[in-house]
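Okay, thanks everyone, let's get going. I'll put the structure up and then walk you through it.

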Amino acid sequence: MKQAIIFWLFRVMSFAVVAILFSIIGFIVFRGIGAISWEFLTSEPTDGMTKGGIFPAIVGTFYLVIGSMLVAFPIGVMSGIYMNEYAGNNFFVKIIRIMTNNLGGIPSIVFGLFGMSLFVNKLNFGDSIIAGSLTLGLLALPLIIRVTEEALKSIPDSYRHGSLALGATKLQTIGRVVLPAAFPNIMTGLILSIGRVSGETAPILFTAAAYFLPKLPSSIYDQVMALPYHLYVIATSGTDLEATRPMAYGTALVLITIVLIMNLIANFLRRKFSK
Amino acid sequence: MKLEAKNVNFFYGDFHALKDINMIIEENSVTAFIGPSGCGKSTFLRLFNRMNDLITDTHLDGECLVGGQNIYDKSVSVDELRKTVGMVFQKPNPFPKSIYENVAYGLRVNGVKDKAIIEETVVKSLQQSALWGEVKDKLKKSAYALSGGQQQRLCIARALAVSPSVILMDEPASALDPISTSKIEELIFELKNQYTVVIVTHNMQQAARVSDKTGFFMLGEMIEYADTKKIFLNPDKEQTQNYITGRFG
Amino acid sequence: MFNKKKNKFLEFLFESAFRLSGSVTTIIILLISIFLFTEGWGLFQSSTVEKGYILCINKENKIKNLTPHQVKDIFDGNITSWKELGGDDIPIETLRMDDVAGLYTEQELGPNFEYLPEKLSEAVSSRVGALGFFPEQFINYKFKGKVLPSITISLKDYFGGKEWFPTATPSAQFGLLPLLLGTLWVSLGAILLALPFGMAVAIYLAELASPRVRKILKPLIELLAGIPSVVYGFFGLIIIVPLIRDLFQLPVGETALAGSIVLAIMALPTIITVAEDALRTTPIAMKESSLALGATHWQTVFRVVIPYASSGILAAIILGIGRAIGETMAVLMVTGNAAVIPHTLAEPVRTIPATIAAELGEASAGSVQYQALFMLGAILFVLTLGISIFAEIIRKEPHLD
């Protein structure tokens, strides 16, 4: 009897939580869908950002995502290769492992501070796509490393041994057998980090994001608007908050759509290639 | 190519896995290693293509010679050695590639670029491993579309494609059904005309059927090494006798 | 025979590149700590007095220096006698530029204030209890007062300080306490809210849900962890903040409670996922032996599964706290950002990350405020690093007690 009540309570709480979590998405979709139009996606903000669209923010986020992945993906994958294929189990490797896990736990605002201090000020990039991309890239590293390592771990040693026994070198074995087999799973890491990076605000606050910039960037040393920062700005500090609301709902919807699509693709890949 | 072990002692960490082994394996013959699990026969086999290098914290004393050269000498390139000394594993381990690419792999990693040579070698290797007739129409299909026995013969073809002189087989039929097993055994018999074959097996009938000479291992020692007939019919050592009769018994 | 070497240079090159990439996370963590601390440490060497100004006293005064907080108390009128600061029993007379200008006629100050330096000097030297706050440019070698050494902040002032007021004059105030307490209140509130729900869902998923339900729910919940924090913040601002304002009849809904609720929602996916993974590590044999002894399913969950997974669950909680402490945007948007020590959850608070996000844009590089914000970043870094190392240590091995 007591068990029935407790378990029933757990069920109710679980569905309440799931309902709350999904009502958030539902709410954004419901309110935001009205604001979405071709014009909204392709035009610049006008009238003190109460009208018009979010095109520069979409472009800005696109550049930042591309830039950060150019930084993080190669380094992350190579780091994952090192950890799984080369590293033994010595003290040095243990330190690296702990550091990689912990880098993922550092708040994004700390990355923002670091990026500002190193890229914006010391290296003199200023608030720019390149400074923002580098900062976001560092943030995405732990995720890519972890996914790569797991993908490589799932490749059976018999592949490696088969290749080595044929006289292939270690590098050939990795390049021709291990990596191709792990590739789809490594891609899920890339896609998940794209989702993550496109929603991050704190790291770009002081490294890349512009409050309002009606023109598109012309070089990597230009500032850009970005979707998450744009949402923050028009949600909290617009000139006319009530008039800006539809724009904010629309921006939020675009943001979660990107994240959801990225996750769906990643799940699809994972399911398709896991046997 | 002749294989030779001189005073071989091998350690996994502190564990003394092989003790004072001396042995000569003749060219163009089939040699079988038998013995209870954990007796060191696989470890000994893997010394000859240095696959034990992949295990950390191991240590070898003594010399292993292939064609008269100590393969643990500093000047030896492991990749070159493994081209000469091929290996077939316990479980079929084709790469997740097409049948064709599996066989061509060894050539590609060894720098062969000429498509005609690659194609010729692939066909020849598949013929040698008696797989050609079964796969000739589906060379572009994934190797995983084959049955277990076919996969193992594919792995043998893969090993043959780099034209080795020695082929090491680590229980090559233990994961296969009886029909596939007999096909592999026939193949081994064929191979000895061109290659030096060394096979580790749990299955003593198999050793009796395919090998010319047999070595019996126990607890890291090589108890007896002689012609297969002698080992199975009239062994010198009591331990060998017990093991053989226990199994046949 | 086997001596022909392949081109080993390429192998070496790639292996070096892999190794270098492997150590990159370690290098980044080192760089982050170096940069944060070197930028932040300057705080304890810089003057908190507004740039271009000095504080000065009468030559007779025995006081050697003042702390930023004492300066503030004096100018706020909370300290009125030098005696309170260890000096003679003389009332303190504060003198700003305007005060001095008011003491003299325009003629005495001269056209274009050319006699001002002289008069500032005279004002301080003629009043035993004077404390002047003057622009540095008017202080010359003829000045007859005693210029106080620059007012620097000590570690004690910083970590024990109860006021965060970086733009205050004459002396900026950098007291960590309100921000630290704000952060802890909001985070702990979030965990207290999220924990029962998170555990209920984790137990439901691990023990009660059918495999089909679990297969659908788990990825969906993981998906929610990926939604940007600024979206959660926006949701909180639109829905939760007005709700709290109306429900508790508060003047503003932007409170610690709003932050806790939003953070709880955000932390739920993490807590559920990690706790559920931990619960599922319990060996089936262990559960079966409990059931075989006649224990009910609930008793088995409560007495076998949860204790077995306790270290993993604890790790989930600690990771949740770590995540909550470092969260910036959502908190910035819903907590009202008043840098005062909170007494109830129904008051506006300001967290460490929100402070950095809100103020760094206005602080010029190298200024005291900039340094103070980097010091906050360094503290946040140490705090979250410590938490995640701690979580890792306890997650290592499941144990029974």
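**Chain contacts and salt bridges**

So, between chain C and chain A there are 12 residue pairs in polar contact, with both partners at pLDDT 80 or more. I should say right away that this is a predicted model.

Let's stay with chain C and chain A for a bit. On the chain C side, helix α17, residues 368-395, gives the largest share of what touches chain A, and that share is 11 residues. If you sort that side of chain C by class, you get 54 nonpolar, 14 polar and seven charged residues.

How much area do chain C and chain A bury between them? About 6,900 Å², and 81% of that is on carbon and sulfur atoms. Three residues stand out on the chain C side: C:Phe18, C:Phe234 and C:Trp298 supply 11% of the area chain C buries against chain A, more than any other three residues. In residue terms, the contact takes 75 from chain C and 74 from chain A.

Now, charges across that contact. The count between chain C and chain A is one salt bridge. C:Glu39 and A:Lys122 are the partners, and their side chains meet at 3.9 Å, N to O. The cut-off for a salt bridge here is 4 Å, if you want to judge that number for yourselves.

Next, chain A against chain B. Here 16 residues of chain A are in contact with 24 residues of chain B. The buried area is about 1,600 Å², with carbon and sulfur atoms giving 63% of it. On the chain A side, A:Ala165, A:Leu166 and A:Arg176 lose the most area to chain B, and together they make up 40% of what that side buries.

How many salt bridges does the rule find across the interface of chain A and chain B? Zero. There are, though, five residue pairs in polar contact between chain A and chain B, again both at pLDDT 80 or more. Two elements of chain A give two or more residues to the side that touches chain B: α7 (157-165) and α8 (170-199). Of the elements in chain A, α7(A) has the largest share, with seven residues. By class, that side of chain A has seven nonpolar, eight polar and one charged residues.

Okay, on to chain C by itself. Its secondary structure comes to 17 helices and six strands. Why call chain C more spread out than a compact globule? Its radius of gyration is 30 Å, and the globule rule gives 21 Å for 401 residues, so chain C is well over that value. The C-alpha atoms of chain C fill a box of roughly 100 × 80 × 40 Å along the principal axes. Even so, buried residues make up 54% of the 401 residues in chain C. And for contacts in chain C with a separation of 6 or more, 70% come from residues 24 or more positions apart.

Let me zoom in on one residue in chain B. B:Thr43 is in helix α1, residues 41-47 of chain B. Is B:Thr43 buried or exposed? Buried, with a relative accessible area of 10%. Its side chain makes a polar contact with the side chain of B:Tyr12 at 2.8 Å. Leaving aside residues up to four places away in sequence, B:Thr43 touches B:Phe10, B:Tyr12, B:Leu18 and B:Asn52.

Last topic, salt bridges over the whole structure. Side chains of opposite charge can pair when their charged atoms come close. Over all chains, the search finds 26 salt bridges.

One of them joins B:Arg108 and B:Glu101, at 2.8 Å, N to O. B:Arg108 is partly exposed at 29% relative accessible area, and B:Glu101 is partly exposed at 25%.

Another joins B:Lys192 and B:Asp212, at 2.9 Å, N to O. B:Lys192 sits in the loop between α7 (178-191) and β8 (196-200) of chain B, and B:Asp212 in the loop between α8 (204-210) and β9 (213-218), so the pair ties together parts that are 20 residues apart in sequence. B:Lys192 counts as buried at 17% relative accessibility, whereas B:Asp212 counts as partly exposed at 30%.

Back in chain C, C:Arg127 forms a salt bridge with C:Glu93, with the closest N and O atoms 3.0 Å apart. C:Arg127 lies in the loop between α6 (116-125) and β3 (130-135), and C:Glu93 in strand β2 (residues 93-96), so this pair ties together parts 34 residues apart in sequence.

And finally, C:Arg214, C:Lys218, C:Glu222, C:Glu276 and C:Asp277 are linked in a network of salt bridges.

Terms used
Residues are numbered from 1 along each chain as its sequence is written. Chains are lettered from A and ligands numbered from 1 in the order in which they are written. Side-chain values use heavy atoms; hydrogens and water are left out. Contact means heavy atoms within 4.5 Å. Buried area is the accessible area (1.4 Å probe) that two parts lose on being put together, summed over both. A polar contact is a pair of N or O atoms within 3.5 Å; within protein, one must be able to donate a hydrogen and the other to accept it, and residues adjacent in sequence count only if both atoms are side-chain atoms. Helices (H or I, at least four residues) and strands (E, at least two) are DSSP runs, numbered from the N terminus. Ala, Val, Leu, Ile, Met, Phe, Trp, Tyr, Cys and Pro count as nonpolar, Asp, Glu, Lys and Arg as charged, and the others, Gly among them, as polar. The radius of gyration is taken over C-alpha atoms; the globule rule is 2.2 Å times the number of residues to the power 0.38. Buried means under 20% relative accessible area, exposed over 50%, partly exposed in between (1.4 Å probe, protein chains only).
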